[in-house]
Amino acid sequence: MKIIKVALFLFPVIILTKPIYGDDQLSLLLKNHFNNNLGFPELLGIHFYNDKKGNVLQVDIEITENKNHIIMTMDAMSHIGQYSKTPLHKFIIIGHYLDEKIPTGYESDADCAINYFVRKKIPKNIWMKDCL
């Protein structure tokens, strides 16, 4: 009887916890997401590193004429980055345009991006003004 009570207690705890992934697993999830979804830009690289404030996820993409590539990439980083084993504090996108020699960088606070793209806690204009 005690085993059943313990099992019934632990079952919701196990079900309600979200999976946690390491950097290699997150990289694989991002690569699969970019490769399996139509309209996503070409993925040139994924980098995890530490800066003075914490862990950073950087994605390099090739940008064509589609203006939504940055938003699509930040959305994917937010949805997948929320499952990082070590909390991420910043998302960086390096956009490599076909006709320009110098890439363009975009940066967002990770918690703020997750609050906009995943949790829907803040509106787009606040995310673009305060977080991007």
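These are my notebook entries on the fold, the sheet, the helix packing and two single residues of this predicted model.

**Entry 1: overall layout**

I began with the inventory of elements, and I count five helices and four strands in the protein. Reading from the N terminus on, I wrote down their order as α-α-β-β-α-β-β-α-α. I then looked up burial, and of the 132 residues of the protein, 36% count as buried. For the contacts with a separation of 6 or more, I noted that 49% come from residues 24 or more positions apart.

**Entry 2: the sheet**

I next asked myself in what order the strands of the sheet stand. The four strands form an open sheet, ordered S1-S2-S3-S4, and the pairing in it is mixed. The edges are taken by strand S1 (42–50) and strand S4 (104–109), each of which pairs on one side only. I also looked up the twist, and neighbouring strands of this sheet are turned by 20 degrees against each other on average, with direction ignored.

Going through the pairs, I found that S1 and S2 run antiparallel and are joined by eight bridges. Within that pair, histidine 47 stands opposite glutamine 58 in S2. The two strands form a hairpin with four residues between them, and I marked glycine 54 in the turn, which has a positive phi of about 150 degrees.

On the other side of my list is the pair of strand S2 (residues 55–63) with strand S3 (residues 88–97), which is parallel and extends over nine bridges. Here I noted two positions in particular: glutamate 62 stands opposite histidine 96 in S3, and isoleucine 63 has tyrosine 97 of S3 as its bridge partner. I then checked how far S2 is covered, and eight of its nine residues turn out to be buried.

**Entry 3: helices against the sheet**

I turned to the helices that lie on the strands. Helix H2 (residues 23–36) lies across S1 and S2, and its direction runs at about 160 degrees to S1. Helix H3 (residues 69–81) also packs on the sheet, where it touches S2, S3 and S4, and its direction makes about 150 degrees with that of S3.

**Entry 4: helices against each other**

For H2 and H3 I looked up the packing geometry: the angle is about 140 degrees, and the axes are 10 Å apart. Because only angles over 145 degrees count as roughly antiparallel, H2 is classed as oblique to H3. The crossing of these two helices is right-handed. On the H2 side I listed Leu26, Leu29, Leu30, His33 and Phe34, and on the H3 side Thr73, Ala76, Met77 and Ile80, as the residues that make the contact. Sorted by character, the residues of this contact are seven nonpolar and two polar, with no charged residue.

I then did likewise for helix H4 (residues 110–117) and helix H5 (residues 124–131), which pack at an angle of about 170 degrees with their axes 10 Å apart. That angle makes H4 roughly antiparallel to H5. Their contact is made by Cys112, Ala113, Tyr116 and Phe117 of H4 together with Lys124, Trp127 and Cys131 of H5. By character I noted six nonpolar residues, no polar and one charged.

**Entry 5: aspartate 23**

I picked out aspartate 23, which lies in helix H2. Is this residue buried, partly exposed or exposed? Its relative accessible area is 33%, so I entered aspartate 23 as partly exposed. Leaving aside residues up to four places away in sequence, aspartate 23 touches Phe48 and Thr86. I also looked up its distance to serine 84, and although the two are 61 residues apart along the chain, their C-alpha atoms are separated by 7.1 Å.

**Entry 6: threonine 73**

My last entry concerns threonine 73, which lies in helix H3 and is one of the residues in the contact with H2. Threonine 73 has a relative accessible area of 0%, and I therefore entered it as buried. What does threonine 73 touch, not counting residues up to four places away in sequence? I listed Phe34, Phe40, Pro41, Val59, Ile61 and Ile93. Finally, I looked up threonine 73 and isoleucine 92, which are 19 residues apart in sequence and lie 9.9 Å apart in space, C-alpha to C-alpha.

Key. Residues numbered from 1 in each chain as written. Predicted model: local features only at pLDDT ≥ 70, side-chain atom pairs only at ≥ 80, totals over all residues. Heavy atoms only, no water. Pairing = 2+ DSSP bridges. Axes fitted to C-alpha atoms, helices over the stretch in contact; angles between N-to-C directions. Contact = heavy atoms within 4.5 Å. Buried < 20%, exposed > 50% of the residue type's maximum accessible area, 1.4 Å probe, protein only. Parallel < 35°, antiparallel > 145°, perpendicular 65-115°, else oblique. Left-handed = near helix turned anticlockwise from the far one by under 90°. Nonpolar A, V, L, I, M, F, W, Y, C, P; charged D, E, K, R; others polar.
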